[in-house]
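Trainee: I'd like to learn how to read a protein model. Could you walk me through this one, feature by feature?

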Amino acid sequence: MKCSHFEKLENKYMDGNITPKEYEDMLAHVNECESCRRELAVYEDILSGLENLPLPQVQEDFTLNVMSA
């Protein structure tokens, strides 16, 4: 697999739209390609960090204030 094809699969992976076969192909590529392996690790760190962010707290009158404005 070429790195350019990996990047397309990586985008599908990040969006949650990757098939099991595509995911297998992607993992096979990163086992062979150090550059893509590092790139995937960075994206996975970013996704993990985003998933662990706390949800913002909204004041009870938020909707009323927005609708009034």
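Mentor: Happy to. Let's begin with one term: two residues are in contact when they have heavy atoms within 4.5 Å. Keep in mind that this is a predicted model.

Trainee: Let's try that term out. Which residues is Cys36 in contact with, leaving aside its neighbours within four places in sequence?

Mentor: Cys36 touches Cys3, Phe6, His29 and Val30 once those neighbours are set aside. Now turn to one of these partners, His29, which sits in helix α2. Not counting residues up to four places away in sequence, His29 is in contact with Met1, Lys2, Cys3, Phe6 and Cys36.

Trainee: Is His29 buried or exposed?

Mentor: Buried means under 20% relative accessible area. His29 has 9% relative accessibility, so it counts as buried. Compare another histidine, His5, found in helix α1. His5 counts as partly exposed because its relative accessibility is 40%.

Trainee: Let me step back to the overall fold. How many helices and strands does the protein chain have?

Mentor: There are four helices and zero strands. Reading from the N terminus, the order is α-α-α-α.

Trainee: What does the radius of gyration tell me about the protein chain?

Mentor: Set it beside the value for a compact globule. For 69 residues, such a globule would be near 11 Å, whereas the protein chain has 19 Å. The box around the C-alpha atoms adds to that picture: along the principal axes it is roughly 55 × 20 × 20 Å.

Trainee: And how much of the protein chain counts as buried?

Mentor: Of the 69 residues, 16% do. As for the surface, the protein chain exposes about 5,700 Å², and carbon and sulfur atoms supply 55% of that. You can also look at how contacts span the sequence. Among those between residues at least 6 apart, 51% join residues at least 24 apart.

Trainee: What about the inside? Which residues make up the largest nonpolar core?

Mentor: The general idea is that, in soluble globular proteins, nonpolar side chains tend to be buried together. Here the largest nonpolar core has eight residues: Phe6, Leu9, Ile18, Met26, Val30, Cys33, Cys36 and Leu40. Helices α1, α2 and α3 each give two or more residues to this core. You've met Cys36 already, and two of its contacts, Phe6 and Val30, are core members too.

Trainee: Where do I look for nonpolar side chains on the surface?

Mentor: Find Val42, Tyr43, Ile46, Leu50 and Leu53, which make a nonpolar surface patch of about 480 Å². Leu53 lies in the loop between α3 (34-51) and α4 (62-68). With 53% relative accessibility, Leu53 counts as exposed, since the cut-off for that word is over 50%.

Trainee: Now for charges. How many salt bridges does the structure hold?

Mentor: First the principle: side chains of opposite charge can pair when their charged atoms come close. This structure holds four salt bridges. One of them joins the side chains of Lys12 and Glu22, at 2.7 Å from N to O. That pair links distant parts of the chain, with Lys12 in helix α1 (residues 3-15) and Glu22 in helix α2 (residues 20-32), 10 residues apart.

Trainee: Are the two partners buried or exposed?

Mentor: They fall into separate classes. Glu22 is at 17% relative accessibility, so it counts as buried, while Lys12, at 31%, counts as partly exposed.

Trainee: Where would I find a salt bridge inside one helix?

Mentor: Try Lys21 and Asp25, whose side chains meet at 2.7 Å, N to O. Both residues lie in helix α2, four residues apart, which is about one turn of the helix. Lys21 counts as exposed at 52% relative accessibility, and Asp25 is partly exposed at 27%.

Trainee: Why are Arg38 and Glu34 about one helical turn apart?

Mentor: Because they are four residues apart in helix α3. Arg38 forms a salt bridge with Glu34, and their closest N and O atoms are 3.5 Å apart. Salt bridges with shared partners join Glu34, Arg37 and Arg38 into one network. Glu34 itself is partly exposed, with a relative accessible area of 40%.

Key. Residues are numbered from 1 along each chain as its sequence is written. This is a predicted model: local features need pLDDT of at least 70, side-chain atom pairs count only at pLDDT 80 or more; totals for chains, interfaces and linings use all residues. Side-chain values use heavy atoms; hydrogens and water are left out. Patches are made of residues with over 30% relative accessible area and no salt bridge: like charges are joined within 9 Å, nonpolar side chains (Val, Leu, Ile, Met, Phe, Trp, Tyr) within 5 Å. Accessible areas come from the Shrake-Rupley method with a 1.4 Å probe; for residues, only the protein chains shown count as cover. Buried means under 20% relative accessible area, exposed over 50%, partly exposed in between (1.4 Å probe, protein chains only). The radius of gyration is taken over C-alpha atoms; the globule rule is 2.2 Å times the number of residues to the power 0.38. A nonpolar core is a set of buried Ala, Val, Leu, Ile, Met, Phe, Trp, Tyr and Cys residues joined through side-chain atoms within 4.5 Å.
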